[in-house]
Amino acid sequence: MATDRLMFPRPQTARVSVERTPVESQCPSCGSRDVARYPVSNHLGPRMVVKCQTCFTRLSVTRAEPEDMWPAWRSPTRDWPASRVG
Amino acid sequence: MTTTTPATDTSATGPDVELDILRYGLIEVAREMLDSLMRSAFSPICRDILDCTVVIHMRTDEGWEVAALWEGCMQHAFVAPHIANFLMDDWDIDTMQPGDVVFTNDPWRGSLHQADVNLFRPVFVNGRVEFLLQSTSHLVDLGGPIPGGFSNGAQSHFEEQLKLPPTLLYANDVAVRPTFNFLLENNRVPHLVLGDLRALHGCLVVGERQLQDLIARGGLDDVRAAGRYAIDATEASMRRGIASIPDGDYSAEDFLDEDGVTDEPIPVAVTVKVRGDSMEIDFSGSARQPLGNSSTAWCEAGRCIEAVKLMVDPSTPVNSGTLKPIDVLLPAGSVVQTLPPSSASSHADIGPRVINVVTQALGQATEESFACDTGTAVYIGFSGIDTRTGHKGTPWGAYGLAGGGWGGTWKEDGVSFCVTPIGNCRTSVQEHVEIESPLVVAQHEMLIDTAGAGRFRGGLGSVYTIMAESDTLVTVVADRLRRGAAGANGGGPGAPAVGWYIAGFDLAEHGDPMNLRGAEPLFGVFDEQGRPDPVHGEFGRGARYTTGKFSNLVIKAGDAIRLIIGGGGGWGDPLAREPERVRQDVRNRLVSVEGARLSYGVVLANGEIDTAATGARRAELTAARDAGTWEVPIAAPLEWTL
Ligand SMILES: [Zn+2]
């Protein structure tokens, strides 16, 4: 639904954290198996990275999938055709 | 599109002169844009305070990258890259035409807060958008319940200023009337905002003309290659700086006093992870978004990198290369990434706090560290309807930035009387304020004993006293009320912020800021007699507010507000500061004789160092510190008159 990601409740916990999801993979640079996928902000904006946690080699940098909720909010009209004025 | 990337290590081959000339050509286009903007803006916030910046974004395969910019104010430089990409994710580039200008001020699309507006103009070459020019400035007003943009007390963005997603402001250089009507009809100072919007548009026209001229001379391919060269060179320099930090995870925690709604401190936690020439700045463990307006929606993703830039690569031009080695992790729903419909208008304390905490974390990794800056701008917004002869009935708005101190560093004292590093804005030009607004700036000067003590002390804070000639509505945004900026490596904290209301202000009677007669406490830590005393006093004692974040205070005509902003934290043991430097500070009225004895263990008699007494005093304080009965005191002016 277009308007499903405009308003959010305040988190229940007093502090909040970014979750790093372990990924079955091996770092091509250092061989470490400590690889994780998580949301970051890079020089362009919000992205999902799969990254070696030992040496920070980025195995992949992609746009978030809808279920990643990254960022949580999004434009309600993002996939509508654009008029001359937007 | 493919652009060749020249080698960025120029030591062996020498710089590519052509590309270097074009790289500086891009920076020169930006410089002319900013000159045009500040010369033609109507409001003091843009024209005098320089809370504005201009940017040249370059189209790349991945998105939009900043090739060059010119600052009025540093924070805009660090958040601009994301705003451009959010905007272009939203806007169909195929509908763009030459002379279009798209406007947004949405915090969830990267804007610092609603008051900071961003205009974007596509630059076409051979029918294709190749560059995007951006002008950005704080506007004096954008409607909402509270003038000026810091909506203290608001708990949702519905109660704040107008918030526009990307919206067409000019079509083919013709003003889009509905957009202008919307902005101007919902505004307290439409004449100022119209002037500023036209200036923001005009500087884009200037920028496009200059950029097209550069492209005509250099060729598109070479200008793009020069943009890439600029980004790569900055990235390489930033990476060299990061690589000089030992690999490791460095954690620190600081806090905001509260959010102006509840009285709970708001922790800001960070872990800075360094791996080779890459870095992560992870704000996991920070507080959830507060109820009040003290959190930001996205901008800390870029702004926190200012701390790294200042520490490891202070001299290269800022562009997207500055951001490239770093991933930032912002927990959703936290104080650094609040979720709608939260309020998000008060960015001026969380911004410095984020930089402070990254500085503190990196300070563990390097000897070449520095202590925290004041950590709050002590922003004051003034507005009202003028009642002066010749100005009667004119709506007006003005700003004051008290200016604090930067922290002491590993090699020198901090910079005094200077706005926090988030912005490096100037304060208002006092003469302009007094002509354009019914205000008299009675004093704005450095204040003794406000700098954190250290081997290298912090920069000094200041006192700012403004009298109203017409009834004036005031918003204040101040933090670090209980304890000032943290010191580093054994240095002491700077002085906390304090505010008073002075009824019937008379310069002859109230001109001495150390004289408390007739001064009603607004906020701060006070002793039983009403002296500010962060060491022994009680927070909020006898004061009108128990927060430094309030709006709708009315200064009646003839009355005044006085604010103290503390200085930066000290770096290193103040008992190891050269006594001669302490003597010079006392001679220059930056430190009192008593302050020298209490914080530095330096005993002065008739302006000269008593060497024996100093040695004894320092030995006594060192022993007390070892025994856990003494710590470097929080800086505080001492010589009050009741
Ligand atoms: Zn690795």
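Q: Where do the domain bounds come from?
A: Domain bounds are not set by hand here; they come from an automatic or database domain assignment. This matters for the largest cavity, whose lining draws at least three residues from each of domain 1 (17–236) and domain 2 (367–574) of chain B. The source of the bounds is thus an automatic or database domain assignment.

Q: What kind of model is this?
A: Residues are numbered from 1 along each chain as its sequence is written, chains are lettered from A and ligands numbered from 1 in the order in which they are written, and side-chain values use heavy atoms, without hydrogens and water. Local features need pLDDT of at least 70, side-chain atom pairs count only at pLDDT 80 or more, and totals for chains, interfaces and linings use all residues, since the model is predicted.

Q: How much space lies in the largest pocket?
A: On a 1 Å grid over the protein atoms alone, a pocket is an open set of points with protein on both sides within 12 Å along at least five of seven lines, while a cavity is a set where a 1.4 Å probe fits but cannot get out. Grid points are joined across faces, edges and corners, and a volume is the space filled by probe spheres set on the points. For the largest pocket, that space is about 1,000 Å³.

Q: Which helix gives the largest share of the lining of the largest pocket?
A: Lining residues have an atom within 4 Å of a point. Helices (H or I, at least four residues) and strands (E, at least two) are DSSP runs, numbered from the N terminus. Strand E4 (46–52) of chain A and helix H3 (74–90) of chain B each supply at least two residues. The largest share, three residues, comes from H3(B).

Q: Where does the second largest pocket lie?
A: Its lining includes residues from both domain 2 (367–574) and domain 3 (575–626) of chain B. The second largest pocket therefore lies between domain 2 and domain 3.

Q: How much space lies in the largest cavity?
A: The count comes to five cavities of 30 Å³ or more. Among the 16 residues that line the largest cavity, B:Asp51 and B:His347 are among the closest to its centre. Its space is about 160 Å³.

Q: How many charged residues line the second largest cavity?
A: Ala, Val, Leu, Ile, Met, Phe, Trp, Tyr, Cys and Pro count as nonpolar, Asp, Glu, Lys and Arg as charged, and the others, Gly among them, as polar. The lining includes B:Val498, B:Asp533 and B:Ile564. By class, there are ten nonpolar, no polar and, as for charged, one.
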